[in-house]
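Visitor: I have a model open and would like to go through its helices. Where shall we start?

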Amino acid sequence: MVDDDVIVDKLRYINQYTDDLKQMRGMSKEEYVKDVVMQRAVERTLMNLVQACIDLAQHIRSEEDLSPSGTAKQEMQALGNADILSPETQGRMEEAIGFRNILAHRYGDIDHDVVYDVLHNDLHWFEQFQQELAQWFQQLDS
């Protein structure tokens, strides 16, 4: 059975990181590309956000005995297979994991235009992930 405190804490982190990233919006793409400190802040916060999502997926997968432990993407697949995540949200989270790996391991040069676009156009997927997990969690308590 899932640990309520772990679920609540991870959902809180996801919410905080998403809010932090929203506050980092506001500069033009040109300004962002020139601001190394802002780039690092956005990249680190995005990595933390995705990792919190992975941690939450791992906890649920493990405690609900959904499937054997695997890669971070397999953790999301387990939640999708259990109908905890919608297929679209599962796919977007799998993409986010790949994006996080690029940021964390610096596979090639970071495309700051792409990071800027994620910051401005893709945060709603993390909110969707959070919402779907919160709905599932509330159903457990019912």
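Visitor: Which residues of helix 1 are buried?
Guide: This is a predicted model. Buried means under 20% relative accessible area. In helix 1, the residues that qualify are I7, K10, L11, I14, Y17, T18 and L21.

Visitor: Around the axis of helix 1, what arc do they cover?
Guide: An α-helix has 3.6 residues a turn, so residues three or four places apart point the same way. The buried residues of helix 1 lie on the same side of it, because the arc they cover is only 125°.

Visitor: Which exposed residues does the face turned away from the buried side of helix 1 carry?
Guide: The buried residues of helix 1 are covered by elements including helix 3 (36-63), helix 6 (112-121) and helix 7 (123-141). Exposed means over 50% relative accessible area. On the face turned away from the buried side, the exposed residues are D5, R12 and Q23.

Visitor: Q130 lies in helix 7; which residues is Q130 in contact with, leaving aside its neighbours within four places in sequence?
Guide: Q130 is buried, with a relative accessible area of 15%. With those neighbours left aside, the contacts of Q130 are L11, I14 and N15.

Visitor: Is helix 4 roughly parallel or roughly antiparallel to helix 5?
Guide: The axes of helix 4 (residues 72-81) and helix 5 (residues 87-105) come within 9 Å and cross at roughly 170°. Angles over 145 degrees count as roughly antiparallel. Helix 4 is therefore, relative to helix 5, roughly antiparallel.

Note on methods
Residues are numbered from 1 along each chain as its sequence is written. This is a predicted model: local features need pLDDT of at least 70, side-chain atom pairs count only at pLDDT 80 or more; totals for chains, interfaces and linings use all residues. Side-chain values use heavy atoms; hydrogens and water are left out. Buried means under 20% relative accessible area, exposed over 50%, partly exposed in between (1.4 Å probe, protein chains only). Helices (H or I, at least four residues) and strands (E, at least two) are DSSP runs, numbered from the N terminus. The arc is that of the directions from the helix axis to the C-beta atoms. Contact means heavy atoms within 4.5 Å. Axes are lines fitted to C-alpha atoms, for helices over the stretch in contact, and angles run from 0 to 180 degrees between N-to-C directions. Angles under 35 degrees count as roughly parallel, over 145 as roughly antiparallel, 65 to 115 as roughly perpendicular and the rest as oblique.
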